[in-house]
Amino acid sequence: MKIGLPELLVIFIVALVILGPDKLPYYAKKLGEAMGQFKKYANEATKEIRENVVEPLEEAQRPLKEAMEPFAETEKEINDSLKELKKSVSDIGKAKPAESKKSEPVKEEEAEAETLAEAAPEAEEEKTSVEDKTDAEGTQTAAAEPTGDEEDSAQL
C-alpha cells in the first residue's frame, strides 16, 4: 500500500492535533529513528535469509538444472518436429505458388494423354475391323466390311 501526499497531510494534521506543536518534533525524531532501525533489521534479516536459505537452494538446484538440460533440449527438438509435422499436415491439399506453375505443364501433358487415350480406342476398333476382314491365312472372311473399292465394284 502506498501513501500519497493527501494521506501524509491527514496524518500530519491528526498528529499535530493529538500531540500538539511542542511534542510533535520530538515524536517525529523518534519515529524517524524507529524507521531507520526497522530498515536496518529488515536488511539484516534479508541478508541472513539470502545466505542461509536462498544460496544453498540455488547450489542444490544447479546439478538438477544441469541434469535437466538434455531433457530440455530433447523437448525442444520434439516440439520443433511436432510443429513441422503439424505444418506439413495443414499444408496437405494446399498448392504452393511454385508448384502451381509447375503443375500447369503437367496439366497440359495430362490433357494430351487423355486425347491420345480417347484416340486409342478408335485405332483399336479400326485394327479389329481389319482383323475381321482377314483370317489367319490372310484371306478375307465373310464378316469383313467392304472397303470403298469393293463398294464401287459392287455397284457396277
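**Exercise 1.** In what order do the elements of the protein run from the N terminus on?

*Solution.* Start with the inventory of this predicted model, in which the protein has three helices and zero strands. Reading from the N terminus on, the elements then run α-α-α.

**Exercise 2.** Determine how much of the protein counts as buried, and what its exposed area is made of.

*Solution.* Take burial as the opening step: of the 156 residues, 3% count as buried. Turning next to the surface, the protein exposes about 14,500 Å², and carbon and sulfur atoms supply 59% of that area.

**Exercise 3.** Locate Val 14 in the fold and classify its exposure.

*Solution.* Val 14 lies in helix 1, which covers residues 5–91. Its relative accessibility is 43%, and because partly exposed residues fall between the 20% and 50% cut-offs, Val 14 counts as partly exposed. Val 14 also belongs to a nonpolar surface patch, whose members include Val 10, Phe 12, Leu 19 and Tyr 27, and which has about 980 Å² of accessible area together.

**Exercise 4.** Describe the volume and the lining of the largest pocket.

*Solution.* The largest pocket holds about 170 Å³ of space. Its lining is formed by Ile 11, Phe 12, Ala 15, Leu 19, Leu 24, Tyr 27, Ala 28 and Leu 31. Sorted by character, these lining residues divide into eight nonpolar, no polar and no charged.

Methods. Residues are numbered from 1 along each chain as its sequence is written. This is a predicted model: local features need pLDDT of at least 70, side-chain atom pairs count only at pLDDT 80 or more; totals for chains, interfaces and linings use all residues. Side-chain values use heavy atoms; hydrogens and water are left out. Patches are made of residues with over 30% relative accessible area and no salt bridge: like charges are joined within 9 Å, nonpolar side chains (Val, Leu, Ile, Met, Phe, Trp, Tyr) within 5 Å. Accessible areas come from the Shrake-Rupley method with a 1.4 Å probe; for residues, only the protein chains shown count as cover. A salt bridge is a side-chain nitrogen of Lys or Arg within 4 Å of a carboxyl oxygen of Asp or Glu. Helices (H or I, at least four residues) and strands (E, at least two) are DSSP runs, numbered from the N terminus. Buried means under 20% relative accessible area, exposed over 50%, partly exposed in between (1.4 Å probe, protein chains only). On a 1 Å grid over the protein atoms alone, a cavity is a set of points where a 1.4 Å probe fits but cannot get out, and a pocket is an open set with protein on both sides within 12 Å along at least five of seven lines; lining residues have an atom within 4 Å of a point. Grid points are joined across faces, edges and corners, and a volume is the space filled by probe spheres set on the points. Ala, Val, Leu, Ile, Met, Phe, Trp, Tyr, Cys and Pro count as nonpolar, Asp, Glu, Lys and Arg as charged, and the others, Gly among them, as polar.
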